[in-house]
Amino acid sequence: MESKHLTEAAIITLVSKAKEGDTQAFGTIYDHFFDSVYRYAAFRLPEAVVEDTVADVFVKVWEKLHTYKPRRKIPFGAWLFRIVRHTVIDAYRRHRDWDEVPEEAEDHDVLNRAEARVKRQHLLKAVRGAMDRLPSRYREVLHLSYMAELPHGEIARVMRTSEGSVRILKFRALKKLEQELPPDISDVV
């Protein structure tokens, strides 16, 4: 099975197999969700703890897999991202001295030109600063939508709201983000 293009039905089948102890099925689930979970965590946590937190997420998913009930009409991705979200929150509770977003995001790739790196750092710092000024629900909907790449329906399940509310919240968040960005940056983004 190609893990990047799994349907919800295929995911449910894999979940059923994984519940019975099929580690290969769980591996396919892991491969399917790893990138979006990693991106979400990487944008929310200090770089030093992202890998451990993502590993914790998948351990919790494995341990709690028996609690997932597909007949409740909750997509597996939404169920999984509730765990991701709470694991990130728990990481912050354990380390209250962290800033949610680091002041500088440095590109360590030596093949990149310095000019491009400086422009990217400036852009990233401006966007992260603007994101910090957004209300927490706005930040959350943008993280789930753009970092985790979840569809509106799954974001609604994660945030425990309606799909219509997610669309409105996302629209308002983008408008507010645009207002928070400096004029030279908002034209680029």
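Threonine 53 sits in helix 3. Is this residue buried or exposed? Its relative accessible area is 6%, and because buried means under 20%, threonine 53 counts as buried. Setting aside its neighbours within four places in sequence, threonine 53 is in contact with Leu45, Thr87 and Ala91.

Keep in mind that you're looking at a predicted model. The mean pLDDT of the protein is 82, and 83% of its residues reach 70 or more. Where pLDDT is low, the predicted coordinates should not be read in detail. Among the elements, helix 8 (residues 163-180) has the highest mean pLDDT, at 93, while helix 9 (residues 183-186) has the lowest, at 70.

Now for the overall layout. How many helices and strands are there? The count is nine helices and zero strands, so from the N terminus on you read α-α-α-α-α-α-α-α-α, given that helices and strands are numbered from that end. Of the protein's 189 residues, 40% count as buried. Take the contacts between residues at least 6 apart in sequence: 64% of them join residues at least 24 apart. On the outside, the protein exposes about 11,300 Å², and carbon and sulfur atoms supply 51% of that.

What about the inside? The largest nonpolar core has 55 residues. Val37, Val61, Phe76, Trp79, Leu80 and Phe81 are the ones with the most contacts inside this core. Eight helices each supply at least two residues of the core, among them those in this table:

| Helix | Residues |
|---|---|
| Helix 1 | 8-19 |
| Helix 2 | 23-44 |
| Helix 3 | 47-64 |
| Helix 4 | 76-94 |
| Helix 5 | 114-132 |
| Helix 7 | 152-159 |

Which helix gives the most to this core? That's helix 4, with 10 residues. Phenylalanine 76 is a good one to click on: leaving aside its neighbours within four places in sequence, it is in contact with Glu8, Ile11, Val15, Ile29, Phe33, Val61, Leu65 and Tyr68.

Helix 6 is a nice place to try a little arithmetic. This helix covers residues 136-147, which makes 12 residues, and at 1.5 Å a residue they should span 16 Å. The expected span uses one less than the number of residues. The end C-alpha atoms of helix 6 are 15 Å apart, which agrees. Within helix 6, a run of residues is buried: Tyr138, Arg139, Glu140, Val141, Leu142, His143, Leu144 and Ser145. Just after helix 6, glutamate 149 takes a positive phi of about 55°.

Note on methods: Residues numbered from 1 in each chain as written. Predicted model: local features only at pLDDT ≥ 70, side-chain atom pairs only at ≥ 80, totals over all residues. Heavy atoms only, no water. Helix = DSSP H or I, 4+ residues; strand = E, 2+ residues; numbered from the N terminus. Buried < 20%, exposed > 50% of the residue type's maximum accessible area, 1.4 Å probe, protein only. pLDDT = per-residue confidence, 0-100. Core = buried A, V, L, I, M, F, W, Y, C linked by side-chain atoms within 4.5 Å. Contact = heavy atoms within 4.5 Å. Areas by Shrake-Rupley, 256 points an atom, 1.4 Å probe, with all protein chains shown as cover.
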